[in-house]
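Reader: Can you walk me through this one? I'd like to start with the strands and then move on to the ligand.

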Amino acid sequence: MSNCKKVYVTTPIYYVNDVAHIGHAYTTIIADMLARYSRLVGYETFFLTGTDEHGQKIEQSATKRGKTPKEYADEVSGKFRTLWDDFDITYDKFIRTTDEDHKAGVQKAFQKMFDKGDIYKGNYEGNYCVGCETFFTSAQLIDDEGCPDCGRPTTIVKEESYFFKLSNYEDKLLALYENQPDFILPKAKAKEIVNFVAGGLNDLSISRTSFDWGVKLPDSFGDDKHVMYVWLDALLNYVTALGYGNDEENMDFWPANTQIVGKDILRFHAIFWPAFLMSLELPLPKHIAAHGWWTRDGEKMSKSKGNVVDPREIADAYGLDAFRYFMLREVPFGQDGDFSQRALMDRINSDLGNDLGNLLNRIMGMSGKYFNFKVSSKDVAKFHQKELDEVNALLKNIEEYIFDMQINKYLEDLWKVLTIANKAINDYEPWNMMKNDKEDEAMALVGLIVNIMAKVSILLDSVLPAKVKAISQCLGFEVNNATYKSLIKNEELLGDVVITKIDALFPRIEEELLAGADINKAESIVEKPRKESNKKETTSECENVITIDQFFGTELKIGTILEAVEVPKSKKLLKLQVDIGEEHPRQILAGIKEFYSAEELVGTQACVVANLKPAKLMGMLSEGMLLAAKDENGLSLLRPESKKTSGTKVS
Ligand code: ME8
């Protein structure tokens with residue numbers, strides 16, 4: 001792969017009969033990561049996504065809503081597109097199967113397959129699942145009726161149909177799997193496909209007469225009552241998007257490098273699709289990469305079960321980059337994963353907050369305190385060749401993980417590099433170097449850490465695009481193809497840089513404030529979990545010292561609790577109205593229900609953090625925080641010894 005100049009990456013085109021959920025976002029984020037990475041390393045890249053809008057299922061969904069299929073498709077397709085735009089998905093084209101040029105391209109392909117002798121007319125009788133738009137043999141059905149994929153009842157459909165001679169391609173497909181062992185990724189998934197094909201392939205019915213909402217056959221067939229099978233129409237999007245059958249403008253991107261699909265549709269992409277391409281005499285994609293399934297509490301997500309996780313809600317609550325990181329890091333590509341906010345929070349606080357964010361804090365702290373923010377790499381190699389060698393060894397072949405779809409391994413290795421940096425600070429103790437007049441050595445150490453952060457951030461650009469922008473601003477360099485080449489490919493170091501202070505990258509998400517919400521349930525997603533500055537994992541006393549100004553950055557005031565009520569369904573939260581000397585009382589949600597009853601609080605006072613960014617907990621606004629101390633004997637609010645005027649400053 002590595003010397004490929006053009007990279008074409010695709011997602012499946014999503015059906016417009018459903019709202020986007022984290023499963024769709026997952027596929028799209030993986031593809032977006034590949035596309036961004038490819039662009040950064042200098043490959044000419046084309047990234048395609050879009051919507052699949054024909055077929056009986058869509059027709060039925062539209063009718064149910066009193067809309068024409070096109071009206072309905074416009075609406076839902078628009079929602080997908082807006083979501084991807086809001087998620088900064090860097091697609092080069094968003095295709096819709098209702099696009100006129102797509103339909104024309106599909107008709108051209110149909111004609112070509114027919115001219116080649118791969119399409120014939122016959123009669124079809126079979127068990128059809130409308131939900132999956134697929135025919136099944138009687139042997140495949142559950143209890144003689146149920147669809148083996150979704151369990152819903154199938155119906156017997158008998159109709160005149162055009163067929164594609166799939167059986168002709170059995171041997172060619174088996175040869176493909178043999179000769180191109182990484183055609184299907186992860187490789188372990190190839191076995192089930194090989195077995196399926198080796199078991200014998202029936203010819204494929206590729207037209208329908210029982211409904212109307214689809215691409216018509218080419219006029220030359222004079223057969224108006226047929227529309228094309230939705231999977232033939234849909235799969236061809238990958239080439240019509242490049243201009244196949246029309247201007248061919250971007251056909252030089254074909255064959256695709258990586259076509260990302262969910263495991264549910266691997267069979268269509270690993271059997272039908274290459275057979276269609278062989279018939280069209282087009283080259284085959286390099287990889288069909290099938291990822292696993294996201295479940296919610298172990299169950300498939302569906303609107304009827306009400307357990308669908310909305311990607312927008314998660315990204316709003318936790319940040320888009322954190323959501324991207326979590327999806328890419330949490331589950332090895334190809335395996336299933338169960339979505340939980342607890343796991344997401346842990347990743348944010350640990351990997352992103354501590355390992356990455358805190359390292360940047362340390363860079364800002366050390367460079368500011370010791371060197372007035374000016375850092376030179378001049379002596380890094382002199383004092384730290386060992387660490388540089390370790391870093392370079394880890395980064396040397398890391399690209400292979402990306403195109404092998406071992407994204408979690410890619411991220412694991414980047415985190416190993418961060419560990420080298422965090423460990424170096426602990427081992428070399430720059431604060432002692434400074435005390436012992438070894439300023440050059442301290443500068444080399446800080447330079448090493450800055451360079452490690454710069455290298456890692458270049459390779460994280462495709463995963464955390466917004467945060468990497470912030471990191472590069474802080475370090476005073478740009479993430480682009482030139483810096484990729486010098487810092488990663490050529491293993492060079494940055495020149496002199498001036499560090500600029502920025503806000504904490506991934507402020508810690510405090511679990512206590514999620515306390516009232518059941519963080520393992522999707523329903524209780526908080527819109528904006530309160531975040532506070534990164535907690536420092538300190539390695540020396542001096543790093544933990546704050547100035548008086550920093551202390552006074554926190555506004556502490558005496559508040560009088562005017563009202564207190566329990567928050568229904570929450571084990572921990574009380575909703576308080578607290579007078580802190582302002583025109584209106586503040587609403588504060590406090591996780592103290594286990595320790596105080598609502599009644600006993602009314603009229604008492606407590607110390608309030610008054611300038612905390614408001615947060616929403618269980619859908620309610622919280623405009624401050626009460627200070628409390630908790631030990632094994634329980635929790636006590638911190639209160640003035642004698643009554644004070646509401647709003648009195650605490651210092
Ligand atoms: O199948 N976990 O469209 P579709 C992970 N139109 N990924 C999931 C998921 C989950 N729970 N749910 C959906 C179609 N996906 C066809 C494709 S392509 C020529 C035609 C993702 O809207 C996953 O990528 O049902 C899956 O393959 C895709 O959404 C299915 O989307």
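**Strands, ligand and backbone**

Author: Asp-631 stands opposite Gly-634 in S29. Before more of that, the ground rules. This is a predicted model, where local features need pLDDT of at least 70, side-chain atom pairs count only at pLDDT 80 or more, and totals for chains, interfaces and linings use all residues. Residues are numbered from 1 along each chain as its sequence is written, and side-chain values use heavy atoms, with hydrogens and water left out.

Reader: How many bridges join S28 to S29?

Author: There are 4, between strand S28 (residues 628-631) and strand S29 (residues 634-637), and the two run antiparallel. A hairpin of 2 residues takes S28 into S29. Strands here are DSSP E runs of at least two residues, helices are H or I runs of at least four, and both are numbered from the N terminus. Two strands pair if DSSP finds at least two bridges between them.

Reader: What's the order in the open sheet of 3 strands?

Author: S15-S14-S16, with mixed pairing. The edge strands are S15 (299-300) and S16 (337-338), each pairing on one side only. S14 (residues 294-296) is joined to S15 by 2 bridges, antiparallel. Arg-296 stands opposite Glu-299 there.

Reader: Now the ligand. Which residues are closest?

Author: Ile-13, Tyr-15, Thr-27, Asp-52 and Trp-294, out of 23 that surround the ligand. The cut-off is a residue heavy atom within 4 Å of the molecule.

Reader: And which elements each supply at least two residues of the shell?

Author: Strand S2 (14-15), helix H1 (22-40), helix H7 (230-235) and H8 do.

Reader: How do the shell residues divide by type?

Author: Into 12 nonpolar, 9 polar and 2 charged. Nonpolar covers Ala, Val, Leu, Ile, Met, Phe, Trp, Tyr, Cys and Pro; charged is Asp, Glu, Lys and Arg; the others, Gly among them, are polar.

Reader: What polar atom of Tyr-15 sits 2.9 Å from the ligand, backbone or side-chain?

Author: A backbone one, and its partner is a ligand oxygen. Gly-23 also has a backbone N or O atom 3.4 Å from a ligand nitrogen. With His-291, a polar side-chain atom lies 3.3 Å from a ligand oxygen. The protein covers 94% of the 670 Å² of accessible area that the ligand has on its own. That area is from the Shrake-Rupley method with a 1.4 Å probe. As for contacts, a polar contact to the ligand is a pair of N or O atoms within 3.5 Å.

Reader: Switching to backbone. Which peptide bond has omega near -10 degrees?

Author: Leu-185 to Pro-186, which is cis. Pro-186 is in the loop between strand S8 (184-185) and helix H6 (190-198). Trp-254 to Pro-255 is cis too, with omega near 10 degrees. Pro-255 is in the loop between helix H8 (237-240) and strand S12 (258-262).

Reader: Where is Glu-429?

Author: In the loop between helix H15 (407-428) and helix H16 (430-435). Phi of Glu-429 is near 45 degrees, positive in a residue other than glycine.

Reader: Is Glu-429 buried, exposed or partly exposed?

Author: Partly exposed, with a relative accessible area of 31%. Buried means under 20%, exposed over 50%, partly exposed in between, using a 1.4 Å probe and protein chains only.

Reader: What about phi of Glu-491?

Author: Near 55 degrees, also positive in a non-glycine residue. Glu-491 is in the loop between helix H19 (481-489) and strand S18 (497-498), and is partly exposed at 33% relative accessibility.

Methods: A polar contact is a pair of N or O atoms within 3.5 Å; within protein, one must be able to donate a hydrogen and the other to accept it, and residues adjacent in sequence count only if both atoms are side-chain atoms.
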